Amino acid sequence: MSKRLFTEKEIKTLSKNLYVKSVSEKGITYTDEFKRIFITENEQGKFPRQIFGDHG
């Protein structure tokens, strides 16, 4: 786990994402829908960085 904290600006930006359930300075909680998308696409061979990039 990273020790990096999110700034207020980053928190506001992340909060606007459709797939973010909640965000604090310490972490992000994703929606169940995004978790399903992530697992499906990862099993199809996509890299995590690409999946996150494709979905904002």
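The exercises below, each with a worked solution, concern a predicted model of one protein chain.

Residues are numbered from 1 along each chain as its sequence is written. Because the model is predicted, local features need pLDDT of at least 70 and side-chain atom pairs count only at pLDDT 80 or more, while totals for chains, interfaces and linings use all residues; side-chain values use heavy atoms, with hydrogens and water left out.

**Exercise 1. The overall plan**

Find how many helices and strands the chain has, and write down the pattern that they follow along the sequence.

Solution. Begin with the definition: helices (H or I, at least four residues) and strands (E, at least two) are DSSP runs, numbered from the N terminus. By this rule there are 3 helices and 2 strands in the chain, and when they are read along the sequence the pattern is α-β-β-α-α. As a last step, consider the extent of the C-alpha trace, which spans about 35 × 20 × 15 Å along its principal axes.

**Exercise 2. The two strands**

Describe how strand E1 and strand E2 are joined.

Solution. First locate the strands: E1 covers residues 20-23 and E2 covers residues 28-30. Next look at the bridges, of which 3 join the strands, and these strands run antiparallel; two strands pair if DSSP finds at least two bridges between them. One bridge can be followed by eye, since Ser-22 has Thr-29 in E2 as its bridge partner. Finally, trace the connection, which is a hairpin that leads from E1 to E2 through 4 residues.

**Exercise 3. Glu-41 and His-55**

Decide whether Glu-41 is buried or exposed, and work out which residues Glu-41 and His-55 contact.

Solution. Start with the positions: Glu-41 lies in helix H2 (residues 32-43), whereas His-55 belongs to the segment after helix H3 (48-54). Then apply the cut-offs, in which buried means under 20% relative accessible area, exposed over 50%, and partly exposed in between (1.4 Å probe, protein chains only). Glu-41 counts as buried because its relative accessibility is 14%, and His-55 also counts as buried, because its value is 19%.

Now turn to contacts (heavy atoms within 4.5 Å). Leaving aside neighbours within four places in sequence, Glu-41 is in contact with Lys-46, Ile-51 and His-55. With residues up to four places away not counted, His-55 touches Asn-17, Tyr-19, Phe-34, Ile-37 and Glu-41. The side chains of Glu-41 and His-55 also make a polar contact, at 3.2 Å.

**Exercise 4. A loop residue**

Determine where Thr-31 is placed, and which residues it touches.

Solution. Thr-31 is in the loop between E2 and H2, and it is buried because its relative accessible area is 18%. Setting aside residues up to four places away in sequence, Thr-31 touches Leu-18, Tyr-19, Val-20 and Lys-21. To check one of these pairs, note that Thr-31 and Lys-21 are 10 residues apart in sequence and 5.1 Å apart in space, C-alpha to C-alpha.

**Exercise 5. An exposed residue and the whole chain**

Classify Lys-12 as buried or exposed, and then state what share of the chain is buried.

Solution. Lys-12 is found in helix H1 (residues 8-15), and it is exposed because its relative accessible area is 56%. From C-alpha to C-alpha, Lys-12 and Gly-27 are 13 Å apart in space, with their places 15 residues apart in sequence. For the whole chain, buried residues make up 20% of the 56 residues. Lastly, among contacts between residues at least 6 apart in sequence, 8% join residues at least 24 apart.

Conventions:
A polar contact is a pair of N or O atoms within 3.5 Å; within protein, one must be able to donate a hydrogen and the other to accept it, and residues adjacent in sequence count only if both atoms are side-chain atoms.
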